[in-house]
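Biologist: Please take one part of this model and go through it closely. I would like the surroundings as well, in one connected answer.

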Amino acid sequence: MSAETNSISWHDRAQALTLRTQAFIGGRYVDSISGATFARVNPATGQPLAQVAAADTRDIDSAVAAARAAFESGSWSKQSPSARKKVLQKFAELIDANLEELALLETLDTGKPIRDSLAVDVPATARCIQWYAEAIDKIYDEVAPTGHDTLALITREPLGVIGAIVPWNFPLIMAAWKIGPILAAGNSLVLKPSEKSPLSAIRLAELAIEAGIPDGVFNVVPGLGLPAGKALALHMDVDGIAFTGSTATGRSIMQYAGQSNLKRVSLECGGKSPNIVLADYGDLDRAATAAAFAIFFNQGEMCSAGSRLLVQAEIKDAFLDKVQNVARTLVPGDPLDPQTRLGAIVDEGQMKRVLSYIDSGKREGAAVRFGGKRVREESGGFYVEPTVFDGVTPRMQIAREEIFGPVLSTITFKTVDEAIKIANDVVYGLAAAVWTSSLTTAHRVSRALRAGVVYVNCYDADDITVPFGGFKQSGIGRDKSLHAFDKYTELKTTWIDLT
Ligand code: NAD
């Protein structure tokens, strides 16, 4: 099939798609109580996509009540781990079976290329659910070494009702990192997707029910941050909030927890990750390709994006030529065309934000080496070229603030110590990378980097088996791996007198 036929067929499929737009509470689709909706606009075209139920405090109350009733009933929370495993395995299978529909929803809502939604977003979502399904009946509790006359059991119990508030850059994957461990551990869940990308989560709820997850255990409540997200985080009957989003919103979430019931808070927030390239690294082509994808994949809308390129002075020009050669191949295009590798920015507001950072870089004296402009304006959509800044200094706004778009800020350094200092001199600490041929330097730098994930001679290596999360203002707690269960379970100590 030619690229064009493929692309036409995705457009045709989009036309034929029935979009679900209601909230999903207690096992059924419902309108918001007020009847209010919010508009989703297709970022690829600027045209209306859907009107989606806009939850407010009353809808959140209703979803939390359904989740609480399900939790107390034991329909899920008291099932054996192996029973929950079977249901979650089925859920993962259904996600795989609905690959094309979910990928299409993800691309229509966010503007990301269909090839990525098909190859990355949906499969990673299914794998995540499947992994937690497989894990849950292999975790043992503990018996403490307290002595002969007592028995002390250390057991894990589900937290109860958990609210998950997620962003729009990887709507399904970010939700799955919460859904997998939350449900596997026996909790009930109220998921609030981003108002910029609610469609795939709403569809997911239906698949959860089809898989056999009991009514009320998995609720999806679309709505704006204010009031819906706030109402969930302030709710007196929510035991934990699992949040992924900006650091600014994360700060509010902590306040809401403090103002209400001290619910447990975990935060996956922003980043401004340094990608350090040393002159001794042997394969600069490889490093340059990775540096380009570290910032341009998913239109740069990645929390872990390698948005600061720290490159040793003597190789800077040669290295940037190579990065630029990769950037040149990433021409923004129609997200529904399977050939497209760089799609649209999620909405007009985010596009304007990205463009205003590009202006700020220029104003502060950095040089645009590549890109820098809005493109495809005639499509009505929101597209920005891959952009490479040279001559950035560590105090500039584009060196310190998260842009969340396809904009690379290049800073040069002379010594390894200088690189470490610059790398750590931001409020974030999500990811970091170092490229070097010296084993000693690799170890020394990776130990010195204040980041939750450090890559050596690679960028964005990924597997569900390893924890992901940030130091400093990039967050609290870890998603993925068995460590995620720490966020969604309580430890109970039970003393038994044996005398
Ligand atoms: P955001 O903070 O604007 O929104 C995130 C979610 O919070 C949305 O569902 C939104 O509706 C909700 N929200 C907004 N205001 C709220 C409030 N006052 N109370 C409760 N909920 C509220 O972030 P975004 O623009 O959707 O996402 C981009 C951000 O997410 C970036 O900073 C990015 O780095 C971060 N992110 C982090 C990770 C990670 O794992 N660390 C992963 C993906 C994205």
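Modeller: The part chosen here is a small stretch of chain around one glycine, followed by the sheet, the cores and the ligand site. Keep in mind that this is a predicted model.

Start with Gly240. Gly240 belongs to strand E10, which covers residues 240-244. Is Gly240 buried or exposed? Its relative accessible area is 3%, and the cut-off for buried is under 20%, so Gly240 counts as buried. What does Gly240 touch, leaving aside residues up to four places away in sequence? The contacts are Leu159, Val161, Ile162, Gly163, Lys263 and Arg264. Gly365 is another matter. Gly240 and Gly365 are 125 residues apart along the chain, and their C-alpha atoms are separated by 45 Å.

Next, the sheet. Three strands form an open sheet in the order E5-E6-E24, and the pairing is antiparallel. Strand E5 (142-144) and strand E24 (489-497) are the edges; each has a single partner strand, so one side of each has no neighbour in the sheet. On average, neighbouring strands here are turned by 30 degrees against each other, direction ignored. Strand E6 spans residues 150-158, and three bridges join it to E5 in the antiparallel sense. Within this pair, Val143 sits opposite Leu153 in E6.

Now the nonpolar packing. The largest nonpolar core holds 103 residues. Which of them touch the most other members? They are Phe91, Ile179, Leu191, Ile213, Phe218 and Phe319. Helix H6 (residues 171-184) gives this core its largest share, ten residues. Ile179 makes a good case to inspect. Not counting residues up to four places away in sequence, Ile179 touches Phe91, Ile129, Ala184, Leu189, Leu191, Leu204 and Phe218. There is also a second, separate core of 30 residues. Among its members are Leu278, Ala366, Met396 and Val445.

Last, the ligand. There are 29 residues around the ligand. Val166, Glu195, Ser246, Thr249 and Glu402 come nearest. Three polar side chains deserve a look. In the side chain of Trp168, an N or O atom is 2.9 Å from an oxygen atom of the ligand. Lys192 has a polar side-chain atom 2.9 Å from a ligand oxygen atom. For Tyr256, the partner is a nitrogen atom of the ligand, and a polar side-chain atom lies 3.0 Å from it.

Terms used:
Residues are numbered from 1 along each chain as its sequence is written. This is a predicted model: local features need pLDDT of at least 70, side-chain atom pairs count only at pLDDT 80 or more; totals for chains, interfaces and linings use all residues. Side-chain values use heavy atoms; hydrogens and water are left out. Two strands pair if DSSP finds at least two bridges between them. Helices (H or I, at least four residues) and strands (E, at least two) are DSSP runs, numbered from the N terminus. Axes are lines fitted to C-alpha atoms, for helices over the stretch in contact, and angles run from 0 to 180 degrees between N-to-C directions. A nonpolar core is a set of buried Ala, Val, Leu, Ile, Met, Phe, Trp, Tyr and Cys residues joined through side-chain atoms within 4.5 Å. Buried means under 20% relative accessible area, exposed over 50%, partly exposed in between (1.4 Å probe, protein chains only). Contact means heavy atoms within 4.5 Å. A residue is near a molecule or strand if one of its heavy atoms lies within 4 Å of it. A polar contact is a pair of N or O atoms within 3.5 Å; within protein, one must be able to donate a hydrogen and the other to accept it, and residues adjacent in sequence count only if both atoms are side-chain atoms.
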